[in-house]
Amino acid sequence: LEFRRVLFRSLRVSAELMADRAEQLILGVEGGGSKTDWVLVRNGAKAEVVESGQLPAANLLLITDEHLTNLLRQMPAEVDRAGVFLAGCKTEEHRARIRKIASSVWPTARIAVGGDRDSGFAAAFGDKDGIATISGTGSAVTGRKDGRIEKAGGGGHILGDGGGGYTLAIRALRQVLRSYDLAQDRKSTRLNSSHTDISRMPSSA
């Protein structure tokens, strides 16, 4: 599913649940290995997208705190709630790191944090059962059935993410180089064979 449509659906559900409260601005952020998408939604009688955008990649394992801070500061400053979900976020330590940075950018907002697989699953299924697959620069699968959650992939482009774009591109490039090397070997073999045949020809008197 296209990110902004899925994330808007998730934010719209949240906004509808708060429809009896004062109007609020809700910011959703999802960062991956290729880009970071964000969308600002205003809740009310009907949820509406106020603004959205796209920024450079934000895999938590590959960026510094300064980089992430600067990235978030490029988004709307006036928000009541912000959800920041980044690839590479897997542990409580990772969540604490994102929360600390997000809280410094939006000090008065309520903050929710997690990994991109969390936001993807929530946007697709809410609190229902299902299987969600991320297949972007990296890859990850999350499934839930009767309260039980199973996960696969998401280990990063070095150790895992076998179905991700990075891994597929590397495999393709390796095959191209291997084919090129084999073609060069065959060409070299034909040239050597030709030289050998010429050297065996009798010399003219």
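**Order of elements.** I followed the chain of this predicted model from its start and noted the pattern α-β-β-β-α-β-α-β-α-β-β-β-α. For the protein as a whole, I wrote down five helices and eight strands.

**A sheet of three strands.** I then looked up how β6, β7 and β8 are arranged, and found an open sheet with the order β6-β7-β8 and antiparallel pairing. Its edge strands are β6, at residues 130-135, and β8, at residues 148-153, and each of these pairs on one side only. From one strand to the next, the twist averages 10°. I reminded myself that strands of a sheet pair through backbone hydrogen bonds, in either a parallel or an antiparallel way.

**Between β7 and β8.** How many bridges join β7 to β8? I found six, with β7 covering residues 139-145 and the two strands running antiparallel. To have one pair that I could find by eye, I looked up K145 and noted that R148 is its bridge partner in β8.

**The helix across the sheet.** Next I asked which strands helix α4 lies across. The helix, made of residues 116-125, lies across β6, β7 and β8, and it runs at about 130° to β6.

**The whole protein.** Last, I turned to values for the full chain of 205 residues, of which buried residues make up 35%. Taking the contacts with a separation of 6 or more, I noted that 50% of them are between residues 24 or more positions apart. For the accessible surface I wrote down about 12900 Å², with 53% of that area belonging to carbon and sulfur atoms.

Key:
Residues are numbered from 1 along each chain as its sequence is written. This is a predicted model: local features need pLDDT of at least 70, side-chain atom pairs count only at pLDDT 80 or more; totals for chains, interfaces and linings use all residues. Side-chain values use heavy atoms; hydrogens and water are left out. Two strands pair if DSSP finds at least two bridges between them. Helices (H or I, at least four residues) and strands (E, at least two) are DSSP runs, numbered from the N terminus. Axes are lines fitted to C-alpha atoms, for helices over the stretch in contact, and angles run from 0 to 180 degrees between N-to-C directions. Contact means heavy atoms within 4.5 Å. Buried means under 20% relative accessible area, exposed over 50%, partly exposed in between (1.4 Å probe, protein chains only). Accessible areas come from the Shrake-Rupley method with a 1.4 Å probe; for residues, only the protein chains shown count as cover.
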